[in-house]
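Here is my note on the model you sent. The points follow the cysteines, then one helix, then the nonpolar cores.

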Amino acid sequence: MPHRFAHVCLTCRISLKLARHDERGGERGHRCPRCREALVCAGDAFAAPPRRDVDAWRVVGALLAAGVDFRQACCGCGPGYRPRTLREVRERTEHARRTGEPLGRSLRRV
């Protein structure tokens, strides 16, 4: 059985566990069952916030847009630190802009 990853639709605020690759090793073009938009692979350690928590889904969207996903670390201890609030995302985005640090690294920094 192939390893399954969380794929999210930020518009509908849903998460589905799906195989990331097809049998030939290529990327699959998974689509949201509700709106038919392309799903974004969030990783195997993604825990979806409640659908009604719009701010938490905005944080998820900002992280995924910056290239930060939720994959298990090689030791199996989870994806590491990720911001949980919009305030943290704003502060880290400002830090990245001010210092020139890549946004993805700034968002993952403890």
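1. Cys9 is buried, at a relative accessible area of 1%. This is a predicted model, and what follows should be read as a description of that model.

2. Cys12 is in no disulfide, and its nearest cysteine sulfur, in Cys35, lies 3.7 Å away. Like Cys9, which is buried, Cys12 is buried, with a relative accessible area of 11%.

3. Why is Cys9 not bonded to Cys35? The sulfur of Cys35 is the closest cysteine sulfur to that of Cys9, but the two are 3.6 Å apart, which is too far for a bond. A disulfide needs the two sulfur atoms within 2.5 Å. By this rule the count for the model is zero disulfides.

4. Helix 2 runs over residues 86–99. Its 14 residues should span 20 Å at 1.5 Å a residue, and the C-alpha atoms at its ends are 20 Å apart, so the two values agree. After helix 2 comes Gly100, which has a positive phi near 85°.

5. Which residues of helix 2 are buried? They are Val89, Arg92 and Ala96. These residues cover an arc of only 75° around the axis, and therefore sit on the same side of helix 2. The spacing fits a general rule: an α-helix has 3.6 residues a turn, so residues three or four places apart point the same way.

6. The face of helix 2 turned away from the buried side carries the exposed residues Arg87, Arg90, Arg97 and Arg98. Arg92, by contrast, is among the buried residues of this helix. The cover over the buried residues of helix 2 includes helix 1 (54–65) and helix 3 (103–108).

7. The largest nonpolar core has 13 residues, of which Val8, Ala42, Phe46, Leu63, Leu64 and Phe70 touch the most other members. Strand 1 (4–9) and helix 1 each supply at least two residues of this core. Helix 1 gives the most, with five residues.

8. What does Phe46 touch, leaving aside its neighbours within four places in sequence? Its contacts are Ala6, Val8, Ser15, Trp57, Val60 and Phe70. Val8 and Phe70 are also among the core residues that touch the most other members.

9. Apart from the largest core lies another core, of five residues, including Cys9, Cys12, Cys32 and Leu39. The two cysteines discussed at the start, Cys9 and Cys12, thus belong to this other core.

Methods. Residues numbered from 1 in each chain as written. Predicted model: local features only at pLDDT ≥ 70, side-chain atom pairs only at ≥ 80, totals over all residues. Heavy atoms only, no water. Buried < 20%, exposed > 50% of the residue type's maximum accessible area, 1.4 Å probe, protein only. Helix = DSSP H or I, 4+ residues; strand = E, 2+ residues; numbered from the N terminus. Expected span 1.5 Å × (residues − 1). Arc of directions from axis to C-beta. Contact = heavy atoms within 4.5 Å. Core = buried A, V, L, I, M, F, W, Y, C linked by side-chain atoms within 4.5 Å.
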